[in-house]
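This report goes through selected contacts in the structure shown below, from a single loop residue to the contact between the chains.

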Protein chains: 2
Amino acid sequence: MVLNIKQKSIFNLQSIHQSVSVRFNYEIFFTTNLFDLKNPTLAQVITADGEKKPKKVVAIIDAGLLQYWPDLPQQLAAYTKFYAEILALAVEPMIVPGGEAAKNDRTLPQQIHKLIEAAGLCRHSYLLAIGGGAVLDLVGYAAATAHRGIRLIRIPTTVLAQNDSGIGVKNGINAFGKKNFLGTFAPPYAVINDLNFLTTLSDRDWRSGIAEAVKVALIKDARFFDFIHSSSAALVSRDIEAMQQLIYRCAQLHLEHIANSGDPFEMGSSRPLDFGHWAAHRLEHLTNYNLRHGEAVAIGIALDSTYSFLLGLLDWLEWQRILNTLLALGFTLYVPELAEQYLQLEHPRCLFRGLIEFREHLGGELTLTLLENIGQGIEVHEVDLSLYRQAISLLHDVENRLTLLIES
Amino acid sequence: MVLNIKQKSIFNLQSIHQSVSVRFNYEIFFTTNLFDLKNPTLAQVITADGEKKPKKVVAIIDAGLLQYWPDLPQQLAAYTKFYAEILALAVEPMIVPGGEAAKNDRTLPQQIHKLIEAAGLCRHSYLLAIGGGAVLDLVGYAAATAHRGIRLIRIPTTVLAQNDSGIGVKNGINAFGKKNFLGTFAPPYAVINDLNFLTTLSDRDWRSGIAEAVKVALIKDARFFDFIHSSSAALVSRDIEAMQQLIYRCAQLHLEHIANSGDPFEMGSSRPLDFGHWAAHRLEHLTNYNLRHGEAVAIGIALDSTYSFLLGLLDWLEWQRILNTLLALGFTLYVPELAEQYLQLEHPRCLFRGLIEFREHLGGELTLTLLENIGQGIEVHEVDLSLYRQAISLLHDVENRLTLLIES
C-alpha cells in the first residue's frame, strides 16, 4: 500500500512520534515475624518515601490466613500504634475470601474501591495486601485502578506468592469464566516475604508453590534444578531453610527475567515464564479449581516436558529426571480430566481448548515454551495434538507405575 | 530507626532490588477523511504491527458524533471491507453516550469488556475509540483492563481530545462522585486526529478545547501564547487552518512534557499540566457538568493567573494579557458557583474543597502550578484562601466589566 501523499500533506503536518519511558523500582524483603514490634521492615519501607508522615494505610487480609493467625489484625493494630509517627491504619482491615474465590467475585474490587474512597487514600498512601497469590492479585487490581494507582505493599503468605505471583508486575481477577480476564500491569511499591507464614501452610500449599520453582529452574537454571532435585526429601519433610533457599533463588530468577527480558509488560507473544501454564490454567478451570495452581503447573510441566521429549527436543535421561523430581516432591502427574474421551477439540471439556485461550490471553501468534535441555527453554509456534495425546498417555502410565522410571 | 540486624540476617538473605524499565511508543497522525477508502492511514497503522492479518477490530463510537456523522458506521464497514486483508470488524460497533455521561455509568466498562470477550479479542487485537475525550477515557479504561491491555487506537473527534486528553497516557471514569476516581496509565497504540470531525462541532465545543492550548502555552511556551493571542479572531471565526496549527503545537508541547518530565506515570506530586485544573474539576462537579471541561479550565486558568498576580509572581501587564486573550476567545471568567456565600470551607459547595480533592487525586503534598511569566510556571505548596477570594472577586468585576482591562 502506498502512502497517499495528498492526505498526509494537509497543512504539512507530519505525524508526531511519542516515546515514553517509565522506570519502576521496588524491593523484595525477606524477614520473619513481620509485625513483631522489634521488626522495623514495614515501618522502614514507608519511612523511605521521604514524605510527610504519618502515612495512611489500609490493610486487606486473606480470610484463609486468619484461621492460623487469628491475632494478625491485633498485631497489625499494635504495630501501627507502635510506629504511629510513620503509619496509621485509616480504617479497620478488610477481610476477603482466600484462594480463587477472591478472584471470582466481581463485587470485591468495588468493595475495595469503596474502602479506598472512604479512607481518603491518595496515590501516595499505602494498601497492604496480606495473603496468598489470589488475594494479592485481587487487591493489586483494585489498587492499580483507584486514582490510577495506589501504592501497594504485598505481603505474600504462601510459597507460590513469595516466589512467583507476589513478586511480579501483574494483577488480575477472573471474568466470563476466564482466568485473569481483567487485570493490569502494575509493579508493587514493595514486597515483604515473611518466612513464618509458611509454617502454617497445609502440606498441599507448601508443595504447590514448589512447582513454579521447578518451572523457572527448567527454563533458566540447571544448577537450581539440581538443588531442587537433591533437596526434594528436605522440602517434602518441610525443612524451612531448604524452602527459603528455594524461594529466594526462584524469586531472583523470576525478577531477573522480568527486568531483562526486554518485554516486562508482555507486549509481544513470547512468555517463557508461562512454561507449562497453558495446560495448567485449563486444568484449574476443568477441575473447578480443586487443583491448586501449583499442582496444575506440575502437571503442565510434566506434560510439556514429555511432549518436548516426544518431539525429540529433550533427551530421555533429562525427561526421566524431571518426572522423577516432580514425583519425589509428591506431585500427581495425571488427573481424570486428561482422559482420552475428552481429548477431541469438539468436546467442551477438551484440554486443548486451553491452547486457544492461552493464545488469546497472550495475544498474537501461538507461542509455547518447550525444553531443549534442563535449564534451557525453546519457543515453538505449532503443536501436534496427536503427539500431545501420546504425551498424556505416557503420563497416565507413569502415574500408574506402568512405565518404569529410572533412578536419576 | 536502626535496622534490626538479627531480623535481616535470617538465612543471610539480602533484599532483592528490582528495577523494571518499560518503553511505550506511539504515533499521533494528522489527517482528514479518515474513513475515505483512499485514506490508508488506519490500514497502515495496523499493517505496521508486522503480524498475521487480518486483525480483529472492535469499534466504540460516541453517540454525540453520530448526530452529525450518521453514516460513520457504514463508512467504517465499507473501509474495513475495502481493507479486508488487513482488518476485520469482529462485531458491530457499539454506540456509547457522549460527554461526561460516558464516564458516569459504571456498567459501561463492563459492557465493553463483554463485547471484547464475545468478539474474542486478544492483546494484539485493536479497539477503536471514536469520539470526544470522555468516550476515549471510558474506552481506554476498558481496553487497559481487559487481558491486561488490548491495543487502543484513539480517534479523537473534538478539539480538546485532539490536542490534549486523547493524546496522553491516561484514562479514567468517575466513581463515588469523584472525577477519574477509577483509571490507569496506559499509552494508546496510536492516535489518529481527523480534522474533518471538528467542522461539525458546536461553537461551545470548538472553543472549549482551546483552553488547554492556552494552558500549555502559559506554562511552557510564550511564543505559542502569542500565536493564540494574535489568532483569537481567526479561531473565533472558525478558521480551520488556525485551529489545526493550534492543535498541532498544543499536542506537541503536551507530548514533550509527558516524554521528558521524568514522571510520565505521575508517581510524584508535581503535575504542571494540571495548571488551572483544581478549580476546573471542582467547577465541573458543582455545575453538574453544565460547564464543559474546557470552559471550566478557562475559569481555572483565569483564577490561578489572577492569584499569581495577587501573590506578586506575575506582573500586571501579563495578567491583563491572559484575561484579555481568554475573553477574546469568548470564554466566560466567572460563574455563580463562585459567589461569596459559597467560599467558606464549611460550605458543602465551597470551591476550595477542590484543593483537597486535587491533592488527594495527585497524592502526597499539595502542589499547585502558578505563573511567574507567560510561558513559565512555578510550583507552590501552600495557598492563601483569602487571596483566592480576592482573585475571585476580581474575576467577577472583570466579567461585569467593572474592572477596565487594557488592550494588549
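B:R292 is partly exposed, with a relative accessible area of 29%. In this predicted model, B:R292 sits in the loop that links α14 (277-286) and α15 (293-310) of chain B. Leaving out residues up to four places away in sequence, B:R292 touches B:S202, B:R204, B:D205 and B:S208. With one of these, B:D205, the side chain of B:R292 makes a side-chain polar contact at 2.5 Å. B:A217 lies 75 residues from B:R292 in sequence, and the two C-alpha atoms are 20 Å apart.

**Salt bridges**

Over all chains the count is 42 salt bridges, and 2 salt bridges are counted between chain A and chain B. Three pairs are listed here.

| Pair | Closest N to O distance |
|---|---|
| A:K53 and A:D49 | 2.5 Å |
| B:E266 and B:R271 | 2.7 Å |
| A:K178 and B:E117 | 3.1 Å |

The partners in the A:K53 and A:D49 pair differ in their surroundings. A:K53 is partly exposed, at 25% relative accessible area, while A:D49 has 13% and counts as buried. The pair from A:K178 to B:E117 crosses between chains, running from strand β8 of chain A to helix α6 (residues 107-118) of chain B. A:K178 counts as buried because its relative accessible area of 17% is under the 20% limit. In the salt bridge between B:E266 and B:R271, both residues are buried. Salt bridges with shared partners also join A:D49, A:E51, A:K53, A:K55 and A:R151 into one network.

**Strand β2 of chain A**

A:K55, a member of that network, stands opposite A:L87 in β3(A). Strand β2(A) covers residues 55-62, and 7 of its 8 residues are buried, so the strand is largely enclosed by the rest of the structure.

Which strands pair with β2(A)? Strand β3 (residues 87-89) of chain A runs parallel to β2(A), and 3 bridges join them. Strand β4 (residues 94-96) of chain A is also parallel to β2(A), again with 3 bridges. With strand β5 (residues 126-131) of chain A, the pairing is parallel over 5 bridges. A:I60 has partners in two of these strands: A:A129 is its bridge partner in β5(A), and A:M94 stands opposite A:I60 in β4(A).

**The contact between chain A and chain B**

Interface size is often expressed as the accessible area that is lost when the parts come together. Chain A and chain B bury about 8,100 Å² between them, and 57% of that area is on carbon and sulfur atoms. Of the area that chain A buries against chain B, A:I16, A:Q18 and A:R148 supply 11%, more than any other three residues. The contact takes 87 residues from chain A and 87 residues from chain B.

Between the two chains there are 37 residue pairs in polar contact, counting pairs with both residues at pLDDT 80 or more. On the side of chain A that touches chain B, the elements giving two or more residues are β1 (16-31), α2 (41-47), α6 (107-118), α7 (133-145), β8 (178-182), α13 (240-260) and α17 (353-362). β1(A) gives the largest share, 16 residues. By residue class, this side of chain A divides into 40 nonpolar, 31 polar and 16 charged residues.

How do β1(A) and strand β1 (residues 16-31) of chain B pair? They run in the antiparallel sense, with 13 bridges between them. One residue of this pairing is A:N25, whose bridge partner in β1(B) is B:S19.

Is B:N180 buried or exposed? B:N180 counts as buried because its relative accessible area of 9% is under 20%. B:N180 belongs to strand β8 (residues 178-182) of chain B. Apart from neighbours within four places in sequence, B:N180 is in contact with B:K103, B:D137, B:G172, B:I173, B:N174 and B:H361, and across the chain boundary with A:R148. A:R148 is one of the three residues that together supply 11% of the area chain A buries against chain B.

Conventions: Residues numbered from 1 in each chain as written. Chains lettered and ligands numbered in written order. Predicted model: local features only at pLDDT ≥ 70, side-chain atom pairs only at ≥ 80, totals over all residues. Heavy atoms only, no water. Contact = heavy atoms within 4.5 Å. Buried area = accessible area lost by both parts, 1.4 Å probe. Salt bridge = Lys/Arg side-chain N within 4 Å of Asp/Glu carboxyl O. Polar contact = N/O pair within 3.5 Å; in protein donor to acceptor, adjacent residues only side chain to side chain. Helix = DSSP H or I, 4+ residues; strand = E, 2+ residues; numbered from the N terminus. Nonpolar A, V, L, I, M, F, W, Y, C, P; charged D, E, K, R; others polar. Pairing = 2+ DSSP bridges. Buried < 20%, exposed > 50% of the residue type's maximum accessible area, 1.4 Å probe, protein only.
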